[in-house]
Structures are given as structure tokens and as C-alpha cells.
Amino acid sequence: MRLADPKTLVEYTATLDCIHCGLCLRTCPTFQLTGNEASSPRGRIYLMRGVAEGEIAGDDATYHDELEFCLGCRNCESVCPAGVRFGEMMEVARDRAADSVKRPWLEALARWIGFELVLPNRTLMRWSMDLLGFAQRSGLLRRVAPLFGARKDALLAFPKVPSKAERELLPIRTPARGEEHGEVTVLEGCVMPEMFGRVNRATVETLSAIGFATRTCGSHACCGALHAHNGELDGARALAKNTIVAFEGLTSSDGVPLPVIVNSAGCGAHMKEYPRLLAAEPEWRARAQAFSQRVFDFSEFVAAHAPADWRPRVDPGTFGRVTYDDPCHLCHGQQIRKQPRELLKRVQGLEQVELPHSEQCCGSAGIYSMLRPSDSNAVFEPKLADLAETRADTLVTANPGCHMQWDMGLDRAVLDVRVVHIAEVLAEASRPR
Ligand code: SF4
Ligand code: SF4
């Protein structure tokens, strides 16, 4: 058997960008937990370089554990003076490491079902969530959960699957309320309609309130973000191509491609990076480039396009005192920080307070909270203390994974703080009275 060139196991050239300054250490959640250099961005880059240079074996246990321990939060990128593209390096390293990892059979099966079958297919996703909802209600989940060992508690703590009515898909077209200023498309997503159908409806309602008609893509489901973050790059590329094709047909009456509005920070960050993901495929490169320029985060688009005098209003008791927690893939992945805060400031009747350390990861990190529940909880714990300092009644987020992590964490801590997506606040505020 011919052994792979170690340099191909990681993005070797990218590892050389690191100048070892160590500025990333103190903001890295896994370094904060352990104090170990190996669990820091710089340490992980050192491990990657060691593998590429043949100093560390490709199947080294510490190397693999550090790849999995990393949350992929990209906080390290925000502080790095050398512009190290850590998220990208991690995706590639995880993808290439997959051949040398022997996963327990149940985990391997669950990954195959999740990544290959369920996430890419809306019908199978719907059936899976029906099944999960049934298992939660009937007590079946409690009986099978022990099969999942240390992940049992995380499985049992998974938020309740909402009712069928709550999981209604969006209409194919929704008109603007009042005068129409334009038309956009909305990514419904894979998990979003199943767990947070109300967020999708609030997204469309807000866009309609500021004068935009919306369209959706029918059966298209997954953008491939979870695949990429978990090192399933072949699957991520296939889903990126599906997404590009699905949205290419959505144009204005003059044939101009419509903006694609994304209310999930992780998906938006990933879709903006399709050109990099498909860079090696010349026939897709230009299409990926054109597509990514159409992608806007929900807050990014609304802040840029709401009329200057748009000042929606809520009754002061509706949300009480609110605080905003930056999703990592919005602040570190897309550099979007001020728009959500500006939008909340526009809402009359809302008392807003800053959350300390709001750019620190909440520990959700896609499916990390299911894969490494105790690390995920340990990363989350300091966020509760930060929230307590604000005395907020409502925590605002902009990503479904963070939304679930906060819901589960507040449940565990028996704290009565409501968690909402920013679209829910804006939709409520812009409702005609
Ligand atoms: S992505 Fe997050 S957890 Fe991973 S090394 Fe960077 S800061 Fe640390
Ligand atoms: S901040 Fe950037 S250059 Fe400095 S050690 Fe971390 S990854 Fe390397």
C-alpha cells in the first residue's frame, strides 16, 4: 500500500502562516478549560505541522483528540495578527484524518445516517424529527438513551420537537407588506424548519415589513455547513453544488439573481465560503463566487435595507430587558457585530444591555454538544454567570445551534430567561397594532 504524503493530511502551507505570537491562547475556550498548549490554536497548528513534516504520526491519538476537542468557533481568527485561517485548516485536517480514525460502530452508523441520508433530504429529515418527537413523548427515548453511553444525557436533554403546526414550511412566495422595495430569497435550512419554524416565519415577516417580498426554494434543505465543520468535505461539496443550483433559478422578473437571506449564522458563514470549498473545480469556481456574493445574514441585510425611519415598537413587558449573545459564526466567521445591536436599538420599548464576553463560544458548535457533552457544558457554564450579571429577561441569538444550547443550559440551571432569535424580536415589533 502506498502511504499518503504527510503534507497532504493538513493544509501545510497554511500552518506556516502562524508566527507563534500566542495572542490566540487567552481567547480560546479549550485552552481556557485545560491550560494545555496542545488544546490551543497555536498548539493545534503545531500538531498539524508535526503531522505534515512526519514528526507526528497521522494516527496519533493526541492529534486526533485535539482535532475533535476544538469547537471550530474561530475566535482565534478574530485575534490573529497573521490572518491564520484556522477554521479552514481545521475542516481540512478533520476531513483527511477521517481515514485514520476508527469510530465506535454506533457513532459511525449515526454519522453515516445523519450526514449521508438525513441532513441532505428534507423528507427524511421530517420523518426523523417525527420519530424523535414520538420517542420523546412516548418515553422510548429514555429507554434507548443508555445505548449512547456518555452521550445519553445530551440526547435526553435535546429540546422537545415542536408540534406539526409549528414545523410548517414557509410559503413559496410571501408579498411585501405595503409598498414593495424588492424581492429576496430565504434559506429555510434543514434543522431550522424542524426546530425553529417560528424563526423562519419571523424572518419572512420582518423582511415583508421592511418592503421585501420573499421566495423560498421548495425542497432544497441543507447547505452542507455541518458536513464541512465535521470534516465531511465530499458531502459538503455535493451540498454546496445543490444549493448553488437550487438558488440560481431564483431571479427577479428581469433575470437578476435575488439576494439569499440566511438566518442561521453557521450556514451563512459557510455559504459565503463556497468559492474556497469549490476552488479546485474550475467548472464551479465562478458559479460559487457569484452565488456567495448573493448571500447575506438576516441582520446584515435588514440593517442595510430597512427604511431609515423604521422604528418598530414592542410593549415594554413583551421581552423585558434583553441582551444579545454573538454567535461565533456571525462575529468571528462573518465579522457581523454591530448590525444586530443597531437593529435592537431601533426597537422602541426594548431595554438592551450588553452581555459580558458575548463573543465567547457557548459550546454548541454544531453537533459538538452531542459529541462531547461534558466539554460543551464546561464551555457553556461561564456564559450563565455572564448572563446573570445582565439580569436580562430575554437572551437574543441568531443561530439555531446557540439557541438550543441556551435553551438546554437554562433548563438545566432552572433559570427563567426566554431565548429568541433576533428575527422574532423584529417581527413582533413590526406587527401592525
Ligand atoms: S476554533 Fe475555537 S476552540 Fe478551536 S482553536 Fe480556535 S479558538 Fe480554540
Ligand atoms: S494568534 Fe495567529 S499567529 Fe499568533 S499564535 Fe495564534 S494562530 Fe499563530
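In the predicted model, residue E424 is buried, with a relative accessible area of 13%, because a residue counts as buried when this value is under 20%. The side chain of E424 meets that of R198 in a salt bridge, with a distance of 2.6 Å from N to O. E424 belongs to helix α25 (residues 422–430) and R198 to helix α12 (residues 197–209), so this contact ties together parts of the chain that are 226 residues apart in sequence. Unlike E424, which is buried, R198 counts as partly exposed, at 31% relative accessibility.

The salt bridge between E424 and R198 is one of 36 in the structure. Side chains of opposite charge can pair when their charged atoms come close. A further example is formed by R167 and E194, whose side chains meet at 2.8 Å, N to O. This pair also links distant parts of the chain: R167 is found in the loop between α10 (152–157) and β1 (173–174), whereas E194 is in helix α11 (residues 192–195), and the two are 27 residues apart. Both R167 and E194 are buried.

In another salt bridge, the side chains of E68 and R103 meet at 3.1 Å, N to O. Here E68 lies in helix α4 (residues 61–69) and R103 in the loop between α6 (86–97) and α7 (105–118), with their positions 35 residues apart in a pairing of distant parts of the chain. E68 has a relative accessibility of 33% and therefore counts as partly exposed. R103 is likewise classed as partly exposed, at 21%. Salt bridges are not confined to isolated pairs: R74, E77, R85, E88, E91, E273 and R276 are joined into one network by salt bridges that share partners.

Attention now turns to strand β8. In a regular strand the side chains alternate between the two faces of the sheet. In strand β8 (residues 394–397), T394 and V396 point one way, while L395 and T397 point the other way. All of these residues are buried.

Strand β8 is joined to strand β6 (residues 321–324) by three bridges, and the two strands run parallel. Within this pairing, T323 has L395 of β8 as its bridge partner. Strand β8 is also joined to strand β9 (residues 418–421), in this case by four bridges and again in a parallel arrangement. V396 stands opposite V420 in β9. Together with helix α24 (residues 400–412), strands β8 and β9 make a right-handed β-α-β unit.

Key:
Residues numbered from 1 in each chain as written. Chains lettered and ligands numbered in written order. Predicted model: local features only at pLDDT ≥ 70, side-chain atom pairs only at ≥ 80, totals over all residues. Heavy atoms only, no water. Salt bridge = Lys/Arg side-chain N within 4 Å of Asp/Glu carboxyl O. Buried < 20%, exposed > 50% of the residue type's maximum accessible area, 1.4 Å probe, protein only. Pairing = 2+ DSSP bridges. Right-handed = clockwise from strand over helix to strand, strands pointing away.
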